Structures are given as structure tokens and as C-alpha cells.
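Let's take a walk through this structure together, going from one group of side chains to the next. Have the viewer ready and follow along.

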Amino acid sequence: QATALAIAGDASHLVLYGFRNVTGLQILAKQLLDQGRSVRCIVGDWSDASQIPTLVDSAFAWQGRIDAWIHIAGADVLTGEARLAPFETKLVQLVKTDVLGTIFSCRRVAKRMLVQES
């Protein structure tokens, strides 16, 4: 939330992603809309490699291009019911979301950005 609000001053269009906290995503989108920004919200799971192409492609489809990509996705294994999970379960979730999800999505984004018109 803080990052989106901080960069909103320099951006006219923002794509916001969420997964579990859809209400928080909607509240943030409303704040940005109230500031005169154009916002698109997309909900998906970065830990699911099969969803990443759709998530990334939907961001590009909205305005036809991406000028900057700030990827802040992280598995919350410290609060809620996840805090009670065994260490191994938490570790797998962190790796799938924070490491693999970030790498797979950013590679896909970079490939798309390299071929888009300046």
C-alpha cells in the first residue's frame, strides 16, 4: 500500500495485484482513484506458477505497455492461521511466492518490456 501511494504521484496508470486481502486492495484502489489515478486491480496467486502468465499478460493488456514494474509479493507465514503451520510448510510457501513467483513473473515482464515500443 505504501509503495503504491508513494509512486502514484509519478504514475498515471497503476495495476495493483492482490490475493487474500481483496478488501485492502479495493480500499487502496479507491484512494488512488480519488487522487485522479487510473487503476486496475487483478487478483491472483503468485505462488502458483500456472497463474503467472495470465497475471502478467493482463497487466500489459490493460494499457498496452508497462513502463515500470515493482513486484512486491510475499507469503505471510507469520500471522493468521499460517503462523501455526510447520516450518517446512512455511518454507515451501515462502520459496514458491517470494522467490519463484518473483523470478518467473519478472522474467516474463522483462521479456515483454524489451520488445514493446518506446
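A search of the whole structure, which is a predicted model, turns up three aromatic pairs. Start with Y17 and W46: their ring centres are 5.0 Å apart and their planes stand at 70 degrees, so this pair is edge-to-face. For an angle to count that way, it has to be over 60 degrees. Y17 belongs to strand β1 (residues 13–18), while W46 sits in the loop between β2 (38–43) and α3 (52–63), so the contact of the two rings ties together parts that are 29 residues apart in sequence.

How buried or exposed are these two residues? Y17 has 21% relative accessibility and therefore counts as partly exposed. W46, at 9%, counts as buried.

Stay with W46 for a moment, because its ring also pairs with that of W69, edge-to-face, with centres 6.4 Å apart and planes at 90 degrees. Here, too, distant parts of the chain are linked: W46 is in the loop between β2 and α3, W69 is in the loop between α3 and α4, and 23 residues separate them. W69 counts as partly exposed because its relative accessibility is 21%. Put the pieces together and you have a cluster of Y17, W46 and W69, linked by ring pairs.

Now go back to Y17 and look along its strand. The side chains of β1 alternate: L14, L16 and G18 point to one face and are buried, whereas H13, V15 and Y17 point to the other face and are not buried. Next to this strand you will find β2, which runs parallel to β1 and is joined to it by six bridges. Within that pairing, Y17 stands opposite I42 of β2.

Another aromatic ring worth a visit is that of F60. R112 lies over the face of this ring, at 4.3 Å from the ring centre.

Finally, turn to K90, in helix α4 (residues 87–115). Which side chain of opposite charge is nearest to K90, and how far away is it? That side chain is D76, 8.7 Å away. A salt bridge needs a nitrogen and a carboxyl oxygen within 4 Å of each other, and K90 has none, although this lysine is buried. What K90 does touch, leaving aside residues up to four places away in sequence, is V77, A82, R83 and A85.

Conventions. Residues are numbered from 1 along each chain as its sequence is written. This is a predicted model: local features need pLDDT of at least 70, side-chain atom pairs count only at pLDDT 80 or more; totals for chains, interfaces and linings use all residues. Side-chain values use heavy atoms; hydrogens and water are left out. Helices (H or I, at least four residues) and strands (E, at least two) are DSSP runs, numbered from the N terminus. Buried means under 20% relative accessible area, exposed over 50%, partly exposed in between (1.4 Å probe, protein chains only). Lys and Arg count as positive and Asp and Glu as negative; His and the chain ends are not counted. Contact means heavy atoms within 4.5 Å. Rings of Phe, Tyr and Trp (its six-membered ring) pair if their centres lie within 6.5 Å; planes under 30 degrees apart count as stacked, over 60 as edge-to-face and the rest as tilted. A charge sits over a ring if NZ of Lys or CZ of Arg is within 6 Å of the ring centre and within 35 degrees of the ring normal. Two strands pair if DSSP finds at least two bridges between them.
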